[in-house]
Amino acid sequence: MAVSSGEGKATPDRHVASRRAGEQGLLFDTQVSAPPEDVGYRGPTACAAAGITYRQLDYWARTKLVEPGVRAAHGSGSQRLYSFRDILVLKVVKRLLDTGVSLQQIRTAVTHLRDRGVQDLAQITLMSDGVSVYECTSADEVVDLLQGGQGVFGIALGRVWQEVEGSLAELPGERAATDPPDHPQDELAYRRRVRRSG
C-alpha cells in the first residue's frame, strides 16, 4: 500500500507538477488541531458527520471494519461511542466505496490507517485507480503514481479531517468519563443520579 518516494531521476515536468501540487495546497500541509481524546460521539452523530446511514455504521462495526474506539455496545440499550479518528475513517471508507473500491481493498487501507498516529493521518493522501489504494505523503509520490498510470483520484485526509471537525462542531459529543457503568442493571440507577445532580 505504501508508495515509494520519488527516487527516480527527476524530469522538469515532474518538478513542475510536484511544485504545482504543493503550491495549490491540494493534498498536503493541512494544519489541523488535535482532537479531544476523552470525547466520544454516539452512532447518529457519527453517521451525520461521516455522511453514512446507521445501517452502514452498524454493519461496519459488526464486521469489525470500523469499530467504536471510545466505547463498544454491550447488549440492548447500550450506546457505542466513536472517537474523532473513527469518524474520520468512516468518512474515508464512504468515499472509497462511492468511487468503486472493493471492500477488501478498503479493509486493507483501514488496517493500514489504524497503525498511523492521529496527527500523521492529516498528512496522508490516499490515491486509487478504483482497484488498489495507495498512500502518498508528498507531492512527489503523487506525481510518481500518476506518471505510472495508477492514480485516478485522491482523498486528502487533512481535508477530510477539517470537514469532520466542522461537522462535529455543530453536533453533540460525550465525555468518556461520564459514560454509564458497564453493567446494564446499574444503568437505571446511573440515570437517576445524573438527573438528581443536574
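## The 4-3-5 sheet

Four bridges join strand 3 (residues 125–128) to strand 4, and the two run antiparallel. Strands here are DSSP runs of E with at least two residues, helices are runs of H or I with at least four, and both are numbered from the N terminus. Two strands count as paired if DSSP finds at least two bridges between them. Thr125 stands opposite Cys136 in strand 4.

This is a predicted model, in which local features need pLDDT of at least 70, side-chain atom pairs count only at pLDDT 80 or more, and totals for chains, interfaces and linings use all residues. Residues are numbered from 1 along each chain as its sequence is written, and side-chain values use heavy atoms, with hydrogens and water left out.

Strand 3 also pairs with strand 5, again antiparallel and through four bridges. Ser128 has Phe153 of strand 5 as its bridge partner. The result is an open sheet of three strands in the order 4-3-5, with antiparallel pairing. Strand 4 (133–136) and strand 5 (153–156) are the edge strands, each pairing on one side only. From one strand to the next, the twist averages 25°. The angle comes from lines fitted to C-alpha atoms, taken between N-to-C directions on a scale from 0 to 180 degrees; for helices, the fit covers the stretch in contact.

## Hairpin, cover and helix 4

Strand 3 and strand 4 form a hairpin with four residues between them. Gly130, in the turn, has a positive phi of about 95°.

In a regular strand the side chains alternate between the two faces of the sheet. Both faces of strand 3 are covered. Thr125 and Met127 are buried on one side, Leu126 and Ser128 on the other. Buried means under 20% relative accessible area, exposed over 50%, and partly exposed in between, using a 1.4 Å probe and protein chains only.

Helix 4 (residues 84–98) packs on this 4-3-5 sheet. Helix 4 touches strand 3, strand 4 and strand 5, and its direction makes about 170° with that of strand 5. Contact means heavy atoms within 4.5 Å.

## The 2-1-6 sheet

A second set of three strands forms an open sheet in the order 2-1-6, with antiparallel pairing. Strand 2 (81–82) and strand 6 (174–175) stand at the edges with a single partner strand each, so one side of each has no neighbour in the sheet. Helix 2 (residues 43–50) packs on this sheet and touches strand 1 and strand 2. Its direction makes about 90° with that of strand 1.

Strand 1 (residues 39–42) pairs with strand 6 in the antiparallel sense over two bridges. Gly40 stands opposite Glu174 in strand 6.

Ser83 is found in the loop between strand 2 and helix 4. Ser83 is buried, at a relative accessible area of 16%. Leaving out residues up to four places away in sequence, Ser83 touches Val39, Tyr41, Gly69 and Val70.

## Helix 8 and the aromatic pair

Helix 8 (residues 157–169) has 13 residues. From its first C-alpha to its last it reaches 18 Å, close to the 18 Å expected at 1.5 Å a residue. That expected span is 1.5 Å times one less than the number of residues. Leu157, Gly158, Val160, Trp161, Val164 and Leu168 are buried in helix 8. Seen down the axis, the buried residues of helix 8 fall within an arc of 155°, so they line one face. The arc is that of the directions from the helix axis to the C-beta atoms.

The structure holds one aromatic pair. The rings of Phe84 and Trp161 have centres 5.0 Å apart and planes at 55°, so the pair is tilted. Rings of Phe, Tyr and Trp (its six-membered ring) pair if their centres lie within 6.5 Å; planes under 30 degrees apart are stacked, over 60 edge-to-face, and the rest tilted. The pair links Phe84 in helix 4 to Trp161 in helix 8, 77 residues apart. Phe84 is buried at 6% relative accessible area, and Trp161 is buried at 0%.
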